[in-house]
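The following exercises concern surface patches, cysteines and backbone torsions. Please work through each task before reading its solution.

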Amino acid sequence: MVLAAVTTAMAIFIRRKRRRRTSLLPLCKCTISLPSDTVTAKLFYSHYSAARDDPIPPRDETPEKKASARLKADETDDEIPLAREIFDTVPETGAYKQGDATYHTIIQRLASSGNFSAMHSVLNRMKKEGRIFPEKLFIFILKAYGNAHMPEEALGIFNAMLDYYACKPTFRSLNCLLNVLVKEKLFHKALELYSHKKATGIRPNFLTFNILIKALCRSNRVDTAYQLFREMPEWRCVPDVFTYTTMMNGLCEDNRIDEAILLLDEMEVDGCSPNVVTFNTLIHGLCRKGDMARALKLVDSMVLKGCSPNEVTYNTLIDGLCKQGKVNTAVKVLRKMLENKCVPNAITYSTLINGLCKRGKVDEAARILSGMLERGCSPNVFTYSTLMHGLCKEGKVQEAVKLWHEMRGKGCEPNVVAYSTLIDGLCKDGDIEKAKEQFKEMSDKGFVPNVVTYSSLIDGLCKAGHVDEATTVWQEMIDKGCIPNAVSYSILIHGLCEDENIEKATKIWQHMLDTGCNPDVVTYSALISCFCKAGRLDEAAKMLDEMLYKGCQPDVVTYNTLISGFCKQGNIYRAMDLVDEMMHLNCDPDVVTCNILMSGLCKNGKLENAGQIFEELVIRLAKKGRMHGALTVLEVMLQKGFPPDTYTWIIAVRGACKIRKVHQTIDDCWRKIRG
């Protein structure tokens with residue numbers, strides 16, 4: 001260590017000496033204190049004594065001049081000067097020469113600092129002097145290149161090890177380079193390197209296989225990874241828990257969960273005990289597949305085998321259950337988690353609160369938040385935003401505002417999502433002025449509104465009748481580089497249509513097409529409604545044709561709008577054609593469709609044909625197994641006083657029984673009676 005420090009100090013000193021004359025005393029003091037009776041110390045002080053005779057520059061030299069002098073020195077330095085005497089102080093040991101260890105220390109320090117140019121100069125000098133190059137030196141260099149994100153340079157020095165530096169690489173340096181390549185996501189190069197070096201005689205170990213299996217799984221080459229996994233015994237390499245877990249994760253990501261579970265049995269037979277990460281990998285795969293029953297059983301099996309679930313296990317289960325809408329079971333999992341002394345974190349609570357809010361159980365979500373606070377777990381902005389969104393959806397905007405103030409009072413600063421949630425809630429509650437205040441506060445605090453924020457405010461302004469102001473906000477959104485999406489276009493087009501500004505709505509539509517934004521069914525329906533209200537039914541029909549041509553499936557709202565328009569125009573035959581078209585496209589008529597048709601037939605003096613038309617609809621729908629639509633039409637017939645004939649009744653009842661509608665109804669009744 002003393003020798004290495006002296007070497008570094010001397011190299012720095014001589015380099016500085018070439019740049020500007022200075023005293024070595026500060027360097028000596030800040031670097032190391034040496035015993036005066038050692039050979040190295042005498043050498044060090046002899047250099048220091050020689051340096052003291054040099055003139056000392058004036059102390060008032062400016063920083064700018066110093067920087068300039070250093071820059072010029074760097075440009076002229078071709079090689080780091082190293083004192084010959086330093087290397088002569090080390091005795092020879094075996095194949096090593098005097099100064100080998102010193103060279104190795106210098107190289108390591110240069111590599112650590114990222115000075116690879118100087119490092120190569122020292123390597124070249126070592127080669128000229130015929131010095132030995134141990135593999136551990138190159139492993140250090142490879143790691144340094146990896147830390148500097150220079151995989152090509154790492155590959156170059158590895159390839160030069162044997163031919164240029166006469167150092168035979170083993171699996172140690174191979175594994176180090178493989179790690180560098182995998183971290184840089186150069187998976188194909190890692191596999192090529194392994195194949196080539198295996199052919200040249202480098203024997204892989206279990207770590208080599210672990211690295212490669214991980215690389216192959218990450219690059220979606222699971223079959224190749226599995227093949228490599230099966231090659232391990234041929235090289236007398238025993239898979240460890242990391243190998244099995246990595247392979248299981250790859251299979252789960254490839255939706256091959258059953259094969260992954262078979263590996264669990266195999267590893268236990270081979271005497272390799274799975275850990276919590278292994279079980280979590282499989283549980284995550286099952287949850288993602290939606291197989292919650294097996295996931296819960298696997299947790300029980302995990303406990304029986306002496307492996308305790310951690311917060312990741314429980315979080316994965318709660319997330320999977322919430323995504324399937326099984327929030328009651330998710331709450332039970334939380335209770336079990338607490339019973340097992342596993343502390344829930346913010347992710348646990350936030351996931352459960354989000355799941356409850358999506359199922360409309362906002363009050364229970366609020367109780368979970370209270371329990372979270374009681375247990376000393378601080379909610380984050382996502383937790384608060386999720387519950388605020390749930391409250392706003394339930395129309396409890398004032399409670400959401402109260403929660404907003406509570407969040408701010410606890411020092412949890414809102415983000416763009418939180419602001420957008422509150423603005424959307426205020427707009428839906430009709431409090432447009434407060435929404436505008438929050439929008440201004442958000443901008444003043446440096447938050448950039450996103451397309452959701454703008455869309456919420458534009459929607460609120462349109463519904464409040466402030467369409468001109470909504471258009472201004474729209475223009476501001478575009479000017480600030482926020483790209484509108486299909487939802488924001490639909491909102492503004494619908495608002496302009498409600499304001500009977502069809503020309504402006506058409507311009508916004510054209511802008512939408514010009515920017516390459518594909519209209520969705522809501523956008524098309526909004527413009528079709530606009531044309532129908534203006535009596536421009538031909539343009540509305542053309543819009544429907546364009547919609548179908550571009551592969552956008554119309555919904556029942558779209559058809560109802562057009563059917564209503566043609567019925568009002570007195571074109572009942574065109575309206576019936578649209579009914580046929582919607583049924584052909586598997587879009588069933590709803591109550592609104594039936595009422596529109598009934599009203600149209602009445603206005604056009606064809607009410608006597610209503611019973612026959614509706615009976616035909618019931619029969620067609622029932623024969624195609626679309627009983628929901630058939631029963632809807634039948635219900636309207638009965639309400640309007642048009643009882644179906646015997647044949648229609650028979651078809652409807654048979655259809656209902658075929659899909660077990662009767663049994664389902666009975667089961668629902670029993671379920672309600674039993675609570």
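**Exercises on a predicted model**

**Exercise 1.** Determine the place of Leu638 and the nonpolar surface patch made with this residue.

*Solution.* Begin with the secondary structure: Leu638 belongs to helix 36, residues 627–639. The model is a predicted one. Next, take the accessibility: Leu638 is partly exposed because its relative accessibility of 44% falls between the 20% and 50% limits. Finally, Leu638, Trp649 and Val653 make a nonpolar surface patch of about 270 Å².

**Exercise 2.** Identify the residues that gather in a patch of positive charge, and place Lys214.

*Solution.* The patch on the surface consists of Lys143, Lys183, Lys185, Lys214 and Arg218. Of these, Lys214 lies in helix 12, which spans residues 206–218. With a relative accessible area of 30%, Lys214 is partly exposed.

**Exercise 3.** State how many disulfides the structure holds, and classify Cys342 and Cys482 as buried or exposed.

*Solution.* The number of disulfides is zero. Buried requires under 20% relative accessible area. Cys342, at 10%, therefore counts as buried; Cys482, at 14%, likewise counts as buried.

**Exercise 4.** Examine phi at His149 and Glu500, and describe the setting of each residue.

*Solution.* Most residues other than glycine have a negative phi. His149, however, has a positive phi near 55 degrees, and Glu500 has a positive phi near 60 degrees. His149 sits in the loop between helix 8 (135–147) and helix 9 (151–163), and is exposed at 57% relative accessibility. Glu500 occupies the loop between helix 28 (486–498) and helix 29 (502–514); its relative accessible area is 72%, so Glu500 is exposed.

Note on methods:
Residues are numbered from 1 along each chain as its sequence is written. This is a predicted model: local features need pLDDT of at least 70, side-chain atom pairs count only at pLDDT 80 or more; totals for chains, interfaces and linings use all residues. Side-chain values use heavy atoms; hydrogens and water are left out. Patches are made of residues with over 30% relative accessible area and no salt bridge: like charges are joined within 9 Å, nonpolar side chains (Val, Leu, Ile, Met, Phe, Trp, Tyr) within 5 Å. Accessible areas come from the Shrake-Rupley method with a 1.4 Å probe; for residues, only the protein chains shown count as cover. A salt bridge is a side-chain nitrogen of Lys or Arg within 4 Å of a carboxyl oxygen of Asp or Glu. Lys and Arg count as positive and Asp and Glu as negative; His and the chain ends are not counted. The place of a charge is taken as NZ of Lys, CZ of Arg, CG of Asp or CD of Glu. Helices (H or I, at least four residues) and strands (E, at least two) are DSSP runs, numbered from the N terminus. Buried means under 20% relative accessible area, exposed over 50%, partly exposed in between (1.4 Å probe, protein chains only). A disulfide is a pair of cysteine sulfur atoms within 2.5 Å.
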